[in-house]
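The exercises below ask you to read a protein model step by step, and each task is followed by a worked solution. Please keep the sequence and the structure in view while you work.

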Amino acid sequence: MTQAQVAQGQQPLLAVRDVSVVFGGIVALNGVTFDMKKGQILGLIGPNGAGKTTLFNCLSRLYQPSKGEILMEGESILTRQPQKIAEIGIGRTFQNVALFPRLTVRDNIRIGGHCRTKSDVVSDALKLPWVRTEERRLNEKVDEILSYLELHDVADREVAGLPFGTQKRVELGRALAAEPKILLLDEPAGGLNHEEVYVLGDLICRIRDQRHITVLLVEHHMGLVMKIADHVVALNFGKKLAEGTPSQVQSDPDVIKAYLGSKDQ
Ligand SMILES: Nc1ncnc2c1ncn2[C@@H]1O[C@H](COP(=O)(O)OP(=O)(O)O)[C@@H](O)[C@H]1O
Ligand SMILES: [Mg+2]
């Protein structure tokens, strides 16, 4: 192995470097730096208004940082067009489900897979042989995801009438269809009951272990983060307060004061 290959092996999958975001006069993020390693489940925690969603939106290119850099496998993502983010391997779900409510579960998931296809309106209309092959592959992929997420029974139902927990799984399916290297989840446990949170935690671990996807988990539900994250970054008032293993962060006095302590007040 060459020196360069060794260095490549050590390179973080995602590097957040001194990222700041200012909205008008409000400093939502203030010089945040951390690394995500391949195969990690990284938990991003912090009280309301800490800057979690702002950071999440920088990673998915919805917001442009005022300062700093975000590198994916050593290359800046900030020069990429926001609509190309799925192509470089970053997938996301939304804090509040964002699906096409009048489309079926199957079609919502299919849409996620389109960033991996090459066909356009013209080649589609001409039904060229390679377009048919591509379509068949996409259908197979959607079927595999429907089984993986146990959504087969509702595959042809409109999303609008489905329970919230099911809709969240559909959103996850849409993100998986894009075959991401990194999956960004913004408060996936929000609105779920105890049993559903347990099942979700198990599913996130399986997605990492079986599909080899690195996960950034923004979560208010401390129990879930502490149970499944390998590494935790805690934010408060837009700054990184602490980082380390779940138990290190959980016992950090600043974190207890800012976040865990607030539960007792
Ligand atoms: N689009 C925006 N415009 C103005 N201020 C914003 C915007 N988004 C977030 N903020 C502010 O930035 C800070 C961080 O918010 P946010 O990232 O949503 O925190 P969290 O997700 O940790 O609850 C808050 O003070 C919030 O009011
Ligand atoms: Mg948020």
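**Exercise 1. A pair of strands in the middle of a sheet**

Which residue stands opposite A234 in β9?

*Solution.* Before answering, keep in mind that this is a predicted model. Begin with the two strands concerned: β3 covers residues 41-45 and β9 covers residues 231-236, and they pair in the parallel sense over four bridges. Within this pairing, the residue that stands opposite A234 is I45. The next step is to place the pair in its surroundings, which are an open sheet of six strands with the order β6-β7-β8-β3-β9-β10 and with mixed pairing. In this sheet, β6 (90-92) and β10 (239-244) each have a single partner strand, so they stand at the edges and one side of each is left without a neighbour in the sheet. If direction is ignored, neighbouring strands of this sheet are turned against each other by 20° on average.

**Exercise 2. The surroundings of one strand**

Find the partners of strand β7, and then decide whether its residues are buried or exposed.

*Solution.* Take the partners in turn. On one side, β6 runs parallel to β7 and is joined to it by three bridges, and here the bridge partner of R92 is L184. On the other side of the pairing, β8 also runs parallel to β7, with five bridges between them, and I182 stands opposite T214 in β8.

Now turn to the two faces. In a regular strand the side chains alternate between the two faces of the sheet, which is why each face should be examined separately. On one side of β7 lie I182, L184 and D186, on the other lie L183 and L185, and all of them are buried. The strand is therefore mostly covered, with five of its five residues counted as buried, that is, under 20% relative accessible area.

**Exercise 3. A helix across the sheet and one of its residues**

Which strands does helix α7 lie across, and is R208 buried or exposed?

*Solution.* Start with the helix as a whole: α7, residues 194-211, lies across β3, β7 (182-186) and β8 (214-218), and runs at about 140° to β3. R208 lies in this helix. Its relative accessible area is 15%, and because the cut-off for buried is under 20%, R208 counts as buried. To see what surrounds R208, leave out residues up to four places away in sequence; R208 then touches G39, Q40, I41, I213 and D230. With one of these, D230, R208 also makes a polar contact of 3.0 Å between the side chains.

**Exercise 4. The ligand and its shell**

Which helix gives the largest share of the shell around ligand 1?

*Solution.* First list the residues around ligand 1, which are F23, A28, P47, N48, G49, A50, G51, K52, T53, T54 and Y63. The largest share of this shell, three residues, comes from helix α2, residues 52-59.

Next, look at individual atoms. An oxygen atom of ligand 1 is 3.1 Å from a polar backbone atom of A50, and an oxygen atom of the ligand is 2.9 Å from an N or O atom in the side chain of K52. For T53, a polar side-chain atom lies 2.9 Å from an oxygen atom of ligand 1. Taken alone, ligand 1 exposes 560 Å², and the protein buries 63% of that area.

**Exercise 5. Helix α2 and the other sheet**

How many of the residues of α2 are buried, and which strands does this helix lie across?

*Solution.* Count along the helix: K52, T54, L55, F56, N57, C58 and L59 are buried, which amounts to seven of its eight residues. After α2 comes R61, whose phi is positive, near 70°.

The helix lies across β1, β2 and β4 (67-72), and runs at about 120° to β1. The order β2-β1-β4-β5 describes an open sheet of four strands with antiparallel pairing, in which the edge strands β2 (26-36) and β5 (75-76) each pair on one side only. Within it, β1 (residues 14-23) and β2 are joined in the antiparallel sense over seven bridges, and A15 stands opposite D35 in β2.

**Exercise 6. The whole chain**

How many helices and strands does the protein chain have, and what percentage of its residues count as buried?

*Solution.* The protein chain has ten helices and ten strands. Of its 265 residues, 48% count as buried.

Key: Residues numbered from 1 in each chain as written. Chains lettered and ligands numbered in written order. Predicted model: local features only at pLDDT ≥ 70, side-chain atom pairs only at ≥ 80, totals over all residues. Heavy atoms only, no water. Pairing = 2+ DSSP bridges. Axes fitted to C-alpha atoms, helices over the stretch in contact; angles between N-to-C directions. Contact = heavy atoms within 4.5 Å. Buried < 20%, exposed > 50% of the residue type's maximum accessible area, 1.4 Å probe, protein only. Polar contact = N/O pair within 3.5 Å; in protein donor to acceptor, adjacent residues only side chain to side chain. Near = heavy atom within 4 Å. Areas by Shrake-Rupley, 256 points an atom, 1.4 Å probe, with all protein chains shown as cover.
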